[in-house]
Amino acid sequence: MKYVSIGEASATFHIPESTLRYYEKQGLLPLIERDAAGRRLFSEMQMALLETVLRLKQTHMPIHDISQYIAWVIEGERTTERRQDMMTRHKQAVQKA
């Protein structure tokens, strides 16, 4: 599996490394692996989750809701309906704003 460093992830999405650390602490990027020196390693899955987080933030979804959505993504297919319901409600809220 291919991994990228926090610096590479930061550069890819044009966001500060401190933002990535904050997202991890808030539960938006769970399961971040670390190398032997304790440096964060982002897998392809983590990079895809990060892209999802950033896109949801662009729609002004609250961090708590993003965290819940990501947790459901990690749980897998059994949460598909809950995720769809959340996105439907969020879409309606965005359209009203």
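In this predicted model, helix 4 (residues 63-75) packs against helix 5 (residues 80-96), with the two axes 9 Å apart and at an angle of about 155°. Because angles over 145 degrees count as roughly antiparallel, helix 4 and helix 5 are described as roughly antiparallel to each other. The handedness of the crossing between helix 4 and helix 5 is left-handed. From helix 4, the residues that make the contact are D65, Q68, Y69, W72, V73 and E75, and these meet R82, R83, M86 and M87 of helix 5. Sorted by class, this contact of helix 4 with helix 5 comprises five nonpolar residues, four charged residues and one polar residue.

Attention now turns to the charged side chains. Side chains of opposite charge can pair when their charged atoms come close. The model holds six salt bridges by the distance rule applied here, and a few of them are worth a closer look.

Two of the pairs sit within a helix. In helix 2 (residues 17-25), R21 and E17 lie four residues apart, about one turn of the helix, and their side chains form a salt bridge with an N to O distance of 3.2 Å. R21 has 30% relative accessibility and therefore counts as partly exposed; E17, at 31%, is likewise classed as partly exposed. In helix 3 (residues 44-58), E51 pairs with R55 in a salt bridge whose closest N and O atoms are 2.7 Å apart. E51 and R55 are separated by about one helical turn, because they are four residues apart in helix 3. The accessibility classes of this pair are also assigned: E51 is partly exposed, with a relative accessible area of 33%, while R55 is exposed, with a relative accessible area of 51%.

A further salt bridge joins R40 and E24, with 2.4 Å from N to O. This pair links distant parts of the chain, as R40 belongs to strand 3 (residues 40-43) and E24 to helix 2, 16 residues apart. R40 has 17% relative accessibility, so this residue counts as buried, the cut-off for that class being under 20% relative accessible area. The bridge between R40 and E24 also has company: E24, R34 and R40 are linked in a network of salt bridges.

Key:
Residues are numbered from 1 along each chain as its sequence is written. This is a predicted model: local features need pLDDT of at least 70, side-chain atom pairs count only at pLDDT 80 or more; totals for chains, interfaces and linings use all residues. Side-chain values use heavy atoms; hydrogens and water are left out. Axes are lines fitted to C-alpha atoms, for helices over the stretch in contact, and angles run from 0 to 180 degrees between N-to-C directions. Angles under 35 degrees count as roughly parallel, over 145 as roughly antiparallel, 65 to 115 as roughly perpendicular and the rest as oblique. A crossing is left-handed if the near helix is turned anticlockwise from the far one by less than a right angle, and right-handed if clockwise. Contact means heavy atoms within 4.5 Å. Ala, Val, Leu, Ile, Met, Phe, Trp, Tyr, Cys and Pro count as nonpolar, Asp, Glu, Lys and Arg as charged, and the others, Gly among them, as polar. A salt bridge is a side-chain nitrogen of Lys or Arg within 4 Å of a carboxyl oxygen of Asp or Glu. Buried means under 20% relative accessible area, exposed over 50%, partly exposed in between (1.4 Å probe, protein chains only).
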